[in-house]
Amino acid sequence: MKVSKFGGTSVASAEQIKKVAAIVQADSSRKFIVVSAPGKRFDADKKVTDLLIELANAAIHKEDVEEKLHNVVNRYKEIAVGLGLDLTICEVIKQDLNSRLCESQSNLELFVDNIKASGEDNNAKLISAYFTSIGMPAVYVNPKIAGLIVNDLPDRAQALPVAYENLSKLQNVSEIIVFPGFFGYTKEGRLRTFDRGGSDITGSILAASVQADLYENFTDVDSVFCANPRVVNSPMEIEEITYREMRELSYAGFSVFHDEALMPVYKRGIPVCIKNTNNPSAPGTRIVAERKANHRPVTGITADSGFSILYVSKYLMNREIGFGRKLLQILEEEYISYEHTPSGLDDISVIMRSHQLTPEKEVRIMKRVVNELHAEDVHFRHEFSMIVIVGEGMNNSTGLAARAATAISRTGANIEMINQGSSEVSLAFGVHKSNENKILQALYSEFFAPVSAR
Ligand SMILES: Nc1ncnc2c1ncn2[C@@H]1O[C@H](COP(=O)(O)OP(=O)(O)O)[C@@H](O)[C@H]1O
Ligand SMILES: N[C@@H](CC(=O)OP(=O)(O)O)C(=O)O
């Protein structure tokens with residue numbers, strides 16, 4: 001049996017939801033359907049999740065919420081009309097949103113999470129009503145009642161082991177289950193959302209819980225491509241990719257599948273297939289434990305922006321026991337996680353996601369590094385991107401780093417940092433954000449384009 005997750009673009013309109021119904025009807029093993037909130041119908045459109053965040057913020061700032069509430073309800077109304085559903089469902093959705101808006105604001109994160117999650121929750125109710133209306137036996141299942149228990153990390157909830165046990169009982173339900181993605185509940189009953197794009201995580205948890213034969217992830221592209229199709233023109237499709245490769249690529253910019261969604265299925269060896277709702281007969285990309293070897297050392301190239309570098313230098317740093325620990329402890333005390341720490345004899349750079357910093361935090365950190373570690377030069381630099389090259393074949397391929405560095409140098413960009421992952425399936429370059437796209441294109445030509453096209 002299969003768990004099939006349909007992303008925001010697949011459930012953005014009545015037309016898209018009709019395609020979803022046809023896909024589910026075409027294969028009786030598609031028993032568990034996980035849905036996102038309605039996503040973008042066209043490039044300039046807004047996702048319902050973003051409309052809901054605007055709504056929650058308006059309520060927090062005591063602004064008039066009527067128009068924002070109307071924008072959300074209207075998205076569902078258009079869908080309900082297009083699907084020929086009884087419009088009382090829109091009244092129910094409006095009441096649901098109003099009651100969420102009346103919840104306590106004593107903890108703002110919980111307040112926002114509760115409103116954000118309504119996007120998938122109401123869409124799951126609506127889609128299950130549609131399935132039933134066309135004669136498909138379907139039920140909406142609420143994550144609280146089903147026992148999707150998560151820990152209490154704001155914005156980054158993670159399922160607890162008991163969640164898998166609870167959800168496994170859904171195997172006994174005879175109807176098609178329509179399950180909202182993106183959120184679960186703490187043991188105390190508080191709603192918590194996953195990271196953005198987290199409906200992929202729900203699908204994976206459910207697939208692992210019910211021991212699915214396959215986790216299908218339906219989106220709006222035929223496959224995962226070797227590079228972002230918005231930056232590289234017609235990149236090659238990836239037929240098969242390992243969990244390890246996909247995790248590295250998703251974490252560093254392949255937004256088509258959330259990196260945290262890999263662990264639950266990986267642990268149980270459940271294959272994942274990324275497929276296109278608009279072209280379901282295309283084979284898609286399979287994510288598996290081991291793939292057939294091919295002649296290419298590189299499987300994918302990705303880029304992610306929004307990084308800052310903390311540069312610290314001190315003469316004889318290499319001789320000082322505990323320097324690295326003390327430096328990282330200062331970051332820990334500011335609640336900052338880091339990505340890489342390339343170092344030399346007398347200097348170290350700590351690379352972190354910029355969104356964790358504020359001007360005040362930066363000043364505090366620099367002061368502490370000077371006062372407590374007696375560093376000679378301490379400064380932050382911003383606007384960096386990480387370019388990551390990933391492939392299982394990289395660990396036994398000589399000269400690959402040199403090829404990549406030469407291709408980057410041809411663009412005229414400066415490489416600020418190089419980091420070879422210890423697993424040797426990835427190689428990362430820190431570069432200034434302004435060079436990101438041209439580097440991605442240069443690396444794609446180096447590793448994927450035929451020699452004559454370079
Ligand atoms: N390497 C890649 N391969 C395929 N798609 C990619 C890649 N990198 C980025 N994307 C983007 O991911 C998008 C699909 O993910 P997302 O917008 O989250 O879809 P959904 O709404 O189905 O969850 C694609 O439309 C594509 O623009
Ligand atoms: N709707 C949520 C969760 C999600 O997974 O969405 P999508 O399937 O559109 O990436 C978000 O926008 O983050």
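1. Glu-120 is buried, because 28 C-beta neighbours lie inside 10 Å and 20 or more is enough to count as buried. This is read from a predicted model. Glu-120 belongs to helix 5 (residues 108-133). Beyond its neighbours up to four places away in sequence, Glu-120 touches Val-35, Ser-36, Ala-37, Pro-180, Gly-181, Phe-182, Phe-183 and Ser-199.

2. Thr-49 goes with Glu-120 in the record. UniProt, in an unreviewed entry, lists Thr-49 and Glu-120 under "binding site". The two span 72 residues in sequence, yet their C-alpha atoms are no more than 8.4 Å apart, so they gather at one spot. Thr-49 sits in helix 2 (residues 48-60). Thr-49 also counts as buried, with 26 C-beta neighbours inside 10 Å. Setting aside residues within four places in sequence, Thr-49 is in contact with Ala-37, Lys-116 and Gly-119.

3. A second "binding site" listing in UniProt, also from an unreviewed entry, holds Lys-5, Phe-6, Gly-7, Gly-8, Thr-219, Asp-220 and Arg-230. Do these residues gather in space, or are they spread? They are spread, up to 23.0 Å between C-alpha atoms, and they cover 226 residues of sequence.

4. Take two members of that listing. Lys-5 is in strand 1 (residues 2-6). Lys-5 is buried, with 28 other C-beta atoms within 10 Å. Its contacts, not counting residues up to four places away in sequence, are Val-34, Gly-181, Ser-199, Asp-200, Gly-203, Glu-216, Asn-217 and Phe-218. Arg-230 lies in the loop between strand 8 (224-225) and strand 9 (237-238). Arg-230 is exposed: 10 other C-beta atoms lie within 10 Å, and 12 or fewer makes a residue exposed.

5. Now the ligands. Ligand 1 has 19 residues around it, and Gly-7, Gly-8, Thr-9, Thr-219 and Val-256 come nearest. That shell has 7 nonpolar, 10 polar and 2 charged residues. Ligand 2 is surrounded by 15 residues, the closest being Gly-7, Gly-8, Ser-36, Thr-49 and Ser-199. Its shell has 2 nonpolar, 10 polar and 3 charged residues. Gly-7 and Gly-8 thus appear in the nearest group for ligand 1 and in the closest group for ligand 2.

6. Strand 4 (residues 176-180) deserves a look. Why is strand 4 largely enclosed by the rest of the structure? Because 5 of its 5 residues are buried. In a regular strand the side chains alternate between the two faces of the sheet. Here, Ile-176, Val-178 and Pro-180 point one way, and Ile-177 and Phe-179 point the other way.

7. Strand 4 has parallel partners. Strand 2 (residues 30-35) joins strand 4 through 4 bridges, in parallel. Val-34 has Phe-179 of strand 4 as its bridge partner. Strand 3 (residues 138-140) also runs parallel to strand 4, with 3 bridges. There, Ala-138 is matched with Ile-176.

8. Strand 11 (residues 272-276) pairs in parallel with strand 7 (residues 214-219), over 5 bridges. Phe-218 has Lys-275 of strand 11 as its bridge partner. Strand 11 also pairs with strand 12 (residues 285-288), this time in the antiparallel sense and over 3 bridges. Cys-273 is partnered there by Arg-286.

9. Another sheet is open and made of 5 strands, in the order 14-13-15-17-16, with antiparallel pairing. Which strands form the edges? They are strand 14 (347-353) and strand 16 (415-420), each pairing on one side only. From one strand to the next, the twist averages 35 degrees. Strand 13 (residues 300-313) and strand 15 (residues 377-390) are joined by 12 bridges. In that pair, Val-312 is bridged to Val-378.

10. Helices pack on this sheet. Helix 9 (residues 243-251) touches strand 13, strand 15 and strand 17 (426-432), and its direction makes about 135 degrees with that of strand 15. Helix 12 (residues 359-373) lies across strand 13 and strand 15, at about 110 degrees to strand 15.

11. One last residue. Glu-67 lies in helix 3 (residues 66-82). Glu-67 is exposed, with 11 other C-beta atoms within 10 Å. Between Glu-67 and Leu-55 there are 8.9 Å in space, C-alpha to C-alpha, and they are 12 residues apart in sequence.

Definitions and conventions
Residues are numbered from 1 along each chain as its sequence is written. Chains are lettered from A and ligands numbered from 1 in the order in which they are written. This is a predicted model: local features need pLDDT of at least 70, side-chain atom pairs count only at pLDDT 80 or more; totals for chains, interfaces and linings use all residues. Two strands pair if DSSP finds at least two bridges between them. Helices (H or I, at least four residues) and strands (E, at least two) are DSSP runs, numbered from the N terminus. Axes are lines fitted to C-alpha atoms, for helices over the stretch in contact, and angles run from 0 to 180 degrees between N-to-C directions. Two residues are in contact if their C-beta atoms, placed from the backbone, lie within 7 Å. UniProt positions are given in the numbering used here, feature names are shortened, and annotations may be inferred rather than shown by experiment. A residue is near a molecule or strand if its C-beta atom, placed from the backbone, lies within 6 Å of it. Ala, Val, Leu, Ile, Met, Phe, Trp, Tyr, Cys and Pro count as nonpolar, Asp, Glu, Lys and Arg as charged, and the others, Gly among them, as polar.
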